[in-house]
Every structure is written in C-alpha cells, then in structure tokens.
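Hi,

Here is the structure I promised to pass on. Have a look at it first, and then read on for what I found in it.

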Amino acid sequence: MNSAPLKILLVEDSPSDAALLKESLTQSGLEHFEFTHVECWAEAAKTLRQGHFDVLLLDLSLPDSAGRDTFLQAHAEAPHLPIVVLTGIEDEVIGLDAVRHGIQDYLIKGQADGRQIARAIRYAIERKQAEEELQKLNRTLRALGNSNQALMYAREESEFLEKVCKIIIEDCGHAMVWIGYAEEDEGKTVRPVAHAGFEEGYFDTLKVTWADTERGRGPTGTAIRTGKPAECRNMLTDPKFKPWREEAIKRGYISSLVLPLLAAGKSFGAVTIYSREPDRFSNDEKLLLTDLAGDVANGIMTIRMRLLHAKTEAELLRERDQLETRVRERTAELSRINQSLQAEIAQRQRAEEAHRQVLRRLAGAEETERGRISRELHDRLGQDLTGLKLKLQLIRKQGSFAPPVQESLGKLEQLADGLMRDIHRLAWELHPAVLDDLGLEAALRRYATEWSGNNRVPLDFHSDGVEAHRLPLQLETTLYRITQEALTNVTRHANAKRVSVLLERRPDHVSLIVEDDGGGFDAGIQASAARGKLGLLGMRERVTLAGGSLEIESTPGAGTTVFVRVPLKQEPVKGLKS
Amino acid sequence: MKKLRILLADDHKIVREGLRLLINSQPDMQVVGEAANGREVLVKARELKPDVVVMDLSMPELNGLQATERLKAERPEMKVVALTAHEDESYLRQLCKVGAAGYVLKRSAGDELVKAIGTVAKGGVHYEASLASSVLAKQMTGSPVKGESRASELSEREKEVLIMLAWGYSNKETAGRLKLSVKTVETYKLRIGEKLGLRSRTEMVQYALRQGWLNETHTFLPLDR
C-alpha cells in the first residue's frame, strides 16, 4: 500500500489556496502523492465517478455549493472515501457538524502547516478504513444473527440455505455467495445447492471439484479438502484461480473467501463469498464468517435431524396407525366371529331348549304313564284280587269240603295274597300313590325306609318345611326320582355304612342332599360313567329340567354328597291333593 | 243280640260284594249300607248312623282320608276302619291324626277286618301290626339325643363349619365362605362327627337345630362357580 501513490482530490475554488496547499504538502514530507485539483462541486462529482481516490480535500465554499450542503453531497457521492473539510475560521461550527456526519476531519485554512495537514490526511484515511471495517463487521454480525434466526424458522434445508445466502448478500453487501455440497462421487463434485447475488450463468462454467486437481485447488476445493477457510485475495494475480479467472472477472468478482461446512470435523460442503474488492476480507470478518459457516453447518444438521425426527415420528405415527387399523380390523373380525358365535350359541340354546322341551314332555309322559299303570294295577287288578280273595275265604268257611279241596282253597287264598302284595309293590315302584296323596315327605320317608331295609344300611332322613306346604307335584316327582337315583347309586357303588337324606325348604329354594360315607369317587369320572346307566333321564337332566342345579362332592374314601337346589318362584300348592 | 251296623265304602263293586258277604256272615255284624265314593259315605253315614264305617282310602270325589276327617268332625262317636292296599306308615300316621281307629290292609282283609271291626266297636284300636310297630317305635324313642353334653368340646371354627354344613352348604362352599381349604373342611367334618358322636349329615343338622344354631334368619348364598 505504501508503494502506491496517495491519490488526493482537492476541491478548492481559490487557485492560490490550492497552490499553497500543494506546496505545503510537498514540504511536509508526505511520500509521493498524486494531486488532482478541481474548482467546483460539479467537476468534483464527475471526477469522483471516473477514478479512484484515497482522500478528498473539500472546501465548503464553492461556486456551485456552499457550507453544509457541500459535505453532505460529497459524502452521499462517495460514502467510502475519507473526506477532510477545509473551512475558514468562521465556519468552525459547520466543521464540527461535518465530523458528526461522517466527515473524517476538518482543517481551518491558514492555521495548519503542511505537516499538520499531511497528518490529518493520513489519520482521516486510517479512521475511515477502521470505520469502514467496523461497519463491515457490524453487517457481518447482523448476517450472523439473521442466519441464526433463519434457522429457527427454517422448515427445509434448501429454503434455509437460500435464506442464508440472501442474508449474506443483503447484510454484508458482497457480490455473490453460493453454497456447495461435496459429493462423494467419483469426480468429487462440488454441487451448488444455493446462491444469492449476481452470478449470470457463472455456475454453468464453474465445474469445481474437491479433488486435488487443477479445478480442485481453487479456494472452494481447498477449503473442503482441508476443512479450513481458504481465500483468493486477488483473482487477477492468484495463479490457483486461473481456471475461473475469466468468467469471474466478467462478473466483477475480484476476491473470494471460502468457509468449509463441517460436521463432526469433516467438511461436507462450503460457503463461497465473492467480493468486488481485492483482499476484501479482514481477519476479524473471516472469524465472524467462519462462525457464520459453523452456524450454517449446525443449521443444516439441525434441519436434517428435524427432518429425520419428523420422518421417524411420521414412521412411528404410520406404524401406530397401521397397528390401530390392524387392531380395528382384528376387533371387527373378532366381533364378527363373536356375532356368529352368539348366533350359534343362540341357535344351540334354541336347540337345547327344544331338546329340553322334548325331554320334559317325555319325562312328563313317562311319569303320567307310570302313574296310570300304577293306578290301574292298584285299583283294578288289586281290587279284583281283593274281591277274589274275600270270596275264596267265604267259600272255604261256608262249605264243608273234603280236605284236599280245603287245602286247595287255602293255597288259592295264599296265591291271591301273594299276587296282591306283588301288585302293590309293582304299583308303588312304578309310581308311589303316596307321592300324589300325601306328598314328597311321606313318599321319601317310605322310600328311605324300604331302601334302608333292603340294603341293611341305616338311613337318616330329615325334612323341614315340606310337610305343611306341598311343593308343585312335578317338582316333588322330580326330587323323588332324583333321590331314588342317588340312593340307587349308593347301593351300586358306595359300600356305605350310613346314609343321610335331607330335604329342606328355604325361602327361595328347596334343597335336597343325599350323602353317604362310602368309598367316594372322582366326581368327573362318576358323572361320565353314570350317564346312560340310569333310567330315561339322569339326575342332572332332571334337575336342569326343573331349573335347578346339581353338585356332586366326593372324595375317595370320604363318601359322596349330592347337592340339589331348585329355586322356588311360585307360591307353593297348599294342602293335600286328592 | 244287637248286631253291629256297618257302612261299607269302596268304589269297587266286587270288593264291596266280597266284604258284604264276609261281614254279613258274622253273627254279630250287619252291613246296613254301601257307598262308592267319599261324598256318598258322608251322606249315607248321616242317614244310616252306622256303628262302624269300613273306609277304602282310594276313592273318587273325596278320598278315604278326607272323608274320614269330615266324618269324625261331624260324628266323633262313629268308628272308622280304614281299608287300604297301601302298606305305608305315612298313611297310617295321617289316618291316626284324623281319627281312624282301625287300619287294615286289603291283603289281610277277611279275618283281620272282622277282628278290627269288633275291636273298634268296643272302643279299641286295631292297626296293621307291621306298620303300627314301626310308627310306635319312632314315636316312643325318636332318634337318640346325641352330643348335647359335648357341645363345648367344639372349637369356634368347628362350630362354624358345622353350622355351614347344617345350612346345606357343600364342603367347597363352606371352604370358600370360611376361607379354608376343602381338605380342611373335610377334616373338620370328620372331627366334629367324632367329638359329638354324630354319624351322618342328618344327625349334624338335627344337632345344630337342637342347639338353636340355625334359628337366626340365614340368607343362603351358594358360591358362584
């Protein structure tokens, strides 16, 4: 920088003042400088647009501009140029005002010697540079903040990257920025994924790689390969930039800074920034932009994580939905099966009910028939035999017959006697008249006595509440038959020493218990073995038909107990039945 | 000599005929009327005022038992000899209750009936020997009273088990209710029997009744199975 001549533009309407100033500067020892002098603002503005200057020395009182307006116009025209205002002593207030408005310094004419003026110029340049740098850093800082904010709102990676590029351009004022991803393909391509700023087909010519080849040794390839920031200070002179130089210069790019995007210490891409100024990036700005690139890399990772998370979540949701669907389908299927099962059960129940009806009718018919035959035997045959016997007696007593005839008559009487006994027994066995005439208690007591006598086993009979109020005849018959069957089982299998028969009426049910102290058995085996052995209907069927329940409790060696419980719904039939 | 006046009640003509011939063959007896059903007996009895009614038990309209009951209520002095084919002490017991003085099986009709008529006419009773003895035996002795003095030997738990069993619960239900195992209930049951000398479930129930253990109202709740 020191080697280049300091380019000074002086705007001064007084030729003598201008000459004096130039003289003073030359004497001050300021190293070589180029001095351009114009006399009015219009000419100054024109000159500024045409060439590059390091500093502007500005007299405020010009033919076409005066006072405050002069420095405001100058600053607007060349915002990055250090400006030193020259004023008369009376303009000191304006001079102060000028400094407040971005002017670097002011000199009062005639009061400063050459050395002071030279120092003021150097300081003005330095101050302006520092100020400019600060502004750049501020802008970059803002970009950093904005890009972080962008991340917060970003839904999608490419959207985020575009946004970041836009922010870098807008906040920092660079020429162009692009973000490229390092592809793991054969050519190690760097694929541009987002950009902002002026490019005009630049990417079509780019062909950057991150391989260690000619097109990979530019700043972008280098940054990706090394994982460290890389830059091209001046594209016109940097030999490594040769492959892209022509196209870049066409678009006004002069320098570039490339920041690698790192994840877990490995670069997966880069942010490349082009500037229109050579050697544009200060160390401070590089640090800030490195931070920004770090944030961008994190942002990308965050978005990818978010995406992955969302995807996983969506996956889980879908799986859950599928599961729910499957559960619903399964449930529906089950309910269908259940329905058909219910239908089947209902059908079965109907069939069973029909079966029970038939059984009930059969049982009723059997009992009726037994009763009829029993009465027939009793009332007709029995009575006829009674008449026969009485007549035989009379004949024997009235006539005087020969002894053999007497003997025959006696034998006939005995025969009639035996027949009567047999018929009575047969009638009782078929259907005990006592059950109809006197009720269940009397019938059971009689049966118990008979059974005990026949089997030579003591039987304890106990009844409660069934004598005074009789049960429905059908139920009495059922309970009578069940007792008969239970006791028949005891005879056949139990080898009992003592038997209990308990008949008790409770408020809502009647309970019949037949218990023996015999060998006992396994209830399941016995239940299946007993089926089919006993009469038309087994005990259980009879109880079921009466709407009751039957339980058998038996332990080998500890006897067997049959519990029958039949609920009572209707009022009992009262009194004797004729 | 005044003959005993007999009314015959039987729905069978042949039987009535036989009976009439038999009774009339006795020098001191005379059949004064016959009835074929329970209602007719009542009417004829009022009308004829017999000394003895020979009553068949199985008759239409009113059976012999019901007819006897009404007859005795109307004319307590009239004697009834029941004639039946039923060899059943329950009938005998019922007939005793309503006031029949004689109970003769048709099988034994003839000499036994004649004897019975004679006996009841004199104010005695004549019951079929085989049935009467068993009825009397039970009435006299009842079932022997057991265990009473030994009630205190039962533990509280045994007493609970006994009461449950007496209410008619099965071993399983008793076990469920008292939170015992079925095996334990079985053991308790055996021990209770041994302690009190009770030989069967019936004796246990009767014992519990006599102790007054079944007096309180009990809601019978079988176990859900």
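A word on confidence before anything else: pLDDT is the predictor's own confidence in each residue, on a scale from 0 to 100. You need that because this is a predicted model. Chain B comes out with an average pLDDT of 84, and 88% of its residues reach at least 70. Within chain B, strand β2 (residues 29–35) has the highest mean of the elements, 95, while helix α6 (residues 129–141) has the lowest, 64. Please treat residues 140–144 of chain B with care: pLDDT stays under 50 there, and the model gives that stretch one contact beyond four places in sequence. For the model as a whole, the scores are ipTM 0.78 and pTM 0.53.

Now to chain A. It has 578 residues, of which 37% are buried, and its secondary structure amounts to 16 helices and 17 strands. If you take the contacts in chain A between residues at least 6 apart in sequence, 63% of them link residues at least 24 apart.

Start at the beginning of the chain. Strands β1 (residues 6–11) and β2 (residues 33–38) of chain A run parallel and share six bridges, with A:Leu9 opposite A:Thr36 of β2(A). Together with helix α1 (residues 15–28) of chain A, β1(A) and β2(A) form a right-handed β-α-β unit.

Further along is helix α5 (residues 114–153) of chain A, where you will find A:Ile125. Is A:Ile125 buried or exposed? Neither, quite: A:Ile125 counts as partly exposed because it has 18 C-beta neighbours inside 10 Å, and buried would take 20 or more. Apart from neighbours within four places in sequence, A:Ile125 is in contact with A:Asp54, A:Val55 and A:Pro82. A:Val55 is 70 residues away from A:Ile125 in sequence, yet their C-alpha atoms are 6.6 Å apart.

The part I'd zoom in on is an open, mixed sheet of five strands in chain A, in the order β11-β13-β14-β16-β15. Strands β11 (459–464) and β15 (549–554) of chain A are the edges; each has a single partner strand, so one side of each has no neighbour in the sheet. On average, neighbouring strands in this sheet are turned by 10 degrees against each other, direction ignored. β11(A) runs parallel to β13(A) (residues 499–505), and six bridges join them. One pairing to look for is A:His462 with A:Leu502 in β13(A).

Two helices lie across this sheet, and they come from both chains. Helix α13 (residues 440–455) of chain A crosses β11(A) and β13(A), at about 175 degrees to β11(A). Helix α10 (residues 201–211) of chain B lies across β11, β13 and β14 (509–516) of chain A, at about 45 degrees to β11(A).

That brings us to where the chains meet: 38 residues of chain B contact 43 residues of chain A. On the chain B side, the elements giving two or more residues are α1 (13–24), α4 (89–98), α8 (171–178) and α10. Helix α1(B) gives the most, with seven residues. By type, the chain B side splits into 12 nonpolar, 16 polar and 10 charged residues.

One last detail, on α4(B): its buried residues are B:Glu89, B:Ser90, B:Tyr91, B:Leu92, B:Gln94 and B:Leu95. After α4(B) comes B:Gly99, with a positive phi near 105 degrees.

Cheers

Definitions and conventions:
Residues are numbered from 1 along each chain as its sequence is written. Chains are lettered from A and ligands numbered from 1 in the order in which they are written. This is a predicted model: local features need pLDDT of at least 70, side-chain atom pairs count only at pLDDT 80 or more; totals for chains, interfaces and linings use all residues. Two strands pair if DSSP finds at least two bridges between them. Helices (H or I, at least four residues) and strands (E, at least two) are DSSP runs, numbered from the N terminus. Axes are lines fitted to C-alpha atoms, for helices over the stretch in contact, and angles run from 0 to 180 degrees between N-to-C directions. Two residues are in contact if their C-beta atoms, placed from the backbone, lie within 7 Å. Ala, Val, Leu, Ile, Met, Phe, Trp, Tyr, Cys and Pro count as nonpolar, Asp, Glu, Lys and Arg as charged, and the others, Gly among them, as polar. A residue is buried if 20 or more other C-beta atoms lie within 10 Å of its own, exposed if 12 or fewer, and partly exposed in between; C-beta atoms are placed from the backbone. A crossover is right-handed if, with the strands pointing away from the viewer, the path from the first strand over the helix to the second runs clockwise.
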